[in-house]
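Work through the exercises below with the model open in a viewer. Each task is followed by a solution that goes step by step.

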Amino acid sequence: MTTEPEHTDPAPDLTIPLSAADAQALGADAQLLATLLSRALHGVALLRTGRASVDVLMDAIEGTTELLERLEGARRAEVREFAAQKGTHGALAKAMRLTNRATAQSRRKALLREAPDAMEQWAVGRRD
């Protein structure tokens, strides 16, 4: 019986390709998003290997939740900007993977009735 790990190869680094301009625009938020993604991926790995415990799942859930909140804010900001640039409902439906143009129109209309929330403000770089 061996106590050696099943795989001894070092863990591969995950590379997220960003242009220099994107990295500069994101600043420290690029590292924040990468860290949150790492926590979410770790949770998935634990689930797939059956090693998930309440304590480690708490961290994974927190990371996944914050990542989703930030991504949802980014999507809201993108849809708001798409509307400001007069993007069509059909194109929006395609981008959102909706089968119905009217659903995209309804979602965009509902979004535009609301003021941007904190995560949408974060996505566009405003820090109030």
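A salt bridge is counted here when a side-chain nitrogen of Lys or Arg lies within 4 Å of a carboxyl oxygen of Asp or Glu. The model is a predicted one, with a pLDDT that averages 90 over the protein chain and reaches at least 70 for 91% of the residues. Over residues 1-5, however, the pLDDT is below 50, and this stretch has 0 contacts beyond near neighbours in sequence.

**Exercise 1.** Decide where Arg75 and Glu72 lie, and whether their side chains meet the salt-bridge rule.

*Solution.* Begin with the distance, which is 3.4 Å from N to O and therefore falls within the 4 Å cut-off. Next, place the two residues: both belong to helix 3 (residues 54-84), where they are 3 residues apart, about one turn of the helix. Finally, consider accessibility: Arg75 is partly exposed at 36%, and Glu72 is partly exposed at 32%.

**Exercise 2.** Which parts of the chain are linked by the pair Asp117 and Arg76, and is Arg76 buried or partly exposed?

*Solution.* The two side chains form a salt bridge at 2.3 Å, N to O. This pair links distant parts of the chain, since Asp117 sits in the loop between helix 5 (101-113) and helix 6 (118-123) while Arg76 sits in helix 3, 41 residues apart. Arg76, at 17% relative accessibility, counts as buried because the cut-off is under 20%, whereas Asp117 is partly exposed at 33%.

**Exercise 3.** Which residues are joined into one network by salt bridges that share partners?

*Solution.* Take first the salt bridge between Arg80 and Glu120, at 2.3 Å from N to O. It links helix 3, which holds Arg80, to helix 6, which holds Glu120, across 40 residues. Glu120 is buried, with a relative accessible area of 4%. Through shared partners, salt bridges join Glu72, Arg75, Arg76, Arg80, Asp117 and Glu120 into one network.

Key:
Residues are numbered from 1 along each chain as its sequence is written. This is a predicted model: local features need pLDDT of at least 70, side-chain atom pairs count only at pLDDT 80 or more; totals for chains, interfaces and linings use all residues. Side-chain values use heavy atoms; hydrogens and water are left out. pLDDT is the predictor's confidence in each residue, from 0 to 100. Contact means heavy atoms within 4.5 Å. Helices (H or I, at least four residues) and strands (E, at least two) are DSSP runs, numbered from the N terminus. Buried means under 20% relative accessible area, exposed over 50%, partly exposed in between (1.4 Å probe, protein chains only).
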